[in-house]
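User: Please take a close look at the charged side-chain pairs in this model, and then set them against their surroundings. A connected account would suit me better than a list.

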Amino acid sequence: VAEVVRLTNAAGWSHNIYCEQPYTGPDGRYVLVGRTYDTLSGHYQLLAADLKTLKLTLLERDLPCEFVAHHAYSEWAYYPTREGELRRVSLLTLERQSVLPAGTLKPYPQQMFETATKDDKWLIGYEPTGQGTFRGIALEVATGKVHVHMESPDNRNPHTQADTAGGTRLMQQLLPNDPVEVVVVT
């Protein structure tokens with residue numbers, strides 16, 4: 001029989017519901033959760049659930065979105081601030097650091113990042129094209145430079161994920177019709 005412990009109890013919406021990649025560090029102690037009480041407000045909290053003590057720690061009180069870029073079981077998770085700054089949090093110590101200064105990132109929802117490469121050199125995400133589709137992008141963490149890696153009229157709900165084995169491939173969801181297609185970008 002498995003023991004089930006509820007990590008969050010708010011009547012709000014939380015990110016990390018798909019569990020595409022676990023938002024946890026190499027030791028598995030902390031799990032990140034993005035949460036809001038009203039998805040229309042545009043105010044999100046970033047929390048860390050401690051699986052050892054079963055307590056929550058508030059890391060950020062007011063972020064523009066719930067998106068966190070992370071590679072499964074890596075130390076660092078990246079997120080934007082309202083000012084367009086890129087920050088990261090250590091999933092070993094909960095230490096937070098500024099990575100790129102305010103004004104570097106386009107304001108949400110003009111840019112969203114969902115995953116990071118294992119070496120923390122790239123954040124992978126997307127930008128809306130204004131036509132109900134998205135352009136796949138990669139942000140070079142060291143410079144803040146954005147590169148386009150995919151444009152497709154079927155790129156409507158990307159859920160992009162970096163190769164969890166540490167390679168250089170990305171998995172990308174496309175919605176041409178039913179069923180959903182998953183492609184690999186190299």
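Analyst:
**Salt bridges and their surroundings**

Arg29 and Asp50 form a salt bridge in which the closest N and O atoms are 2.7 Å apart; the term is used here for a side-chain nitrogen of Lys or Arg within 4 Å of a carboxyl oxygen of Asp or Glu. The model is a predicted one, in which local features need pLDDT of at least 70 and side-chain atom pairs count only at pLDDT 80 or more, while totals for chains, interfaces and linings use all residues. Residues are numbered from 1 along each chain as its sequence is written, and side-chain values use heavy atoms, with hydrogens and water left out.

Arg29 lies in the loop between β1 (13-14) and β2 (30-36), whereas Asp50 belongs to strand β3 (residues 44-50), so this salt bridge ties together parts that are 21 residues apart in sequence. Strands are DSSP runs of E with at least two residues, and helices are runs of H or I with at least four, numbered from the N terminus. The two partners differ in cover: Asp50 is buried, at a relative accessible area of 7%, while Arg29 is partly exposed at 27% (buried is under 20%, exposed over 50%, and partly exposed in between, with a 1.4 Å probe and protein chains only).

In total there are eight salt bridges by this rule. Another of them joins Arg96 to Glu60, at 3.4 Å from N to O. Here Arg96 sits in strand β8 and Glu60 in strand β4, so the pair links parts that are 36 residues apart in sequence. Glu60 is buried, with a relative accessible area of 10%, and Arg96 is partly exposed, with 43%. A further salt bridge runs between Glu151 and Arg135, whose closest N and O atoms are 3.4 Å apart; Glu151 lies in strand β12 (residues 146-151) and Arg135 in strand β11 (residues 134-140), so this pair connects parts that are 16 residues apart. Glu151 is exposed, at 54% relative accessibility, while Arg135 is partly exposed at 21%. Beyond single pairs, salt bridges that share partners join Glu60, Glu85, Arg87 and Arg96 into one network.

Arg87 falls within the span of strand β7 (residues 86-90), which runs antiparallel to β8 and is joined to that strand by four bridges; two strands pair if DSSP finds at least two bridges between them. Leu86 has Leu100 as its bridge partner in β8. The two strands make a hairpin with five residues between them, and Leu94 in the turn has a positive phi of about 70°. Arg88 has its charged end over the ring of Trp76, 3.7 Å from the ring centre (this requires NZ of Lys or CZ of Arg within 6 Å of the ring centre and within 35 degrees of the ring normal).

The aromatic side chains add further links, with three aromatic pairs in the structure; rings of Phe, Tyr and Trp (its six-membered ring) pair if their centres lie within 6.5 Å, and planes under 30 degrees apart count as stacked, over 60 as edge-to-face and the rest as tilted. Phe67 and Tyr108 have ring centres 6.0 Å apart and planes at 40°, so their pair is tilted. Phe67 lies in the loop between β4 (55-63) and β5 (69-70), and Tyr108 in the loop between β8 (96-100) and β9 (112-116), so the pair ties together parts that are 41 residues apart in sequence. Phe67 is buried at 12%, and Tyr108 is partly exposed at 31%. Tyr126 and Phe134 form an edge-to-face pair, at 4.7 Å centre to centre and 75° between the planes. Phe67, Tyr108, Tyr126 and Phe134 form one aromatic cluster.

Tyr126 leads back to the charged pairs. This residue of strand β10 (residues 122-128) is buried, at 7% relative accessible area, and its contacts, leaving aside residues up to four places away in sequence, include Phe67, Phe134 and Arg135, where contact means heavy atoms within 4.5 Å.

For the protein as a whole, there are zero helices and 15 strands, and 47% of the 186 residues count as buried. Among contacts with a separation of 6 or more, 33% involve residues 24 or more positions apart.
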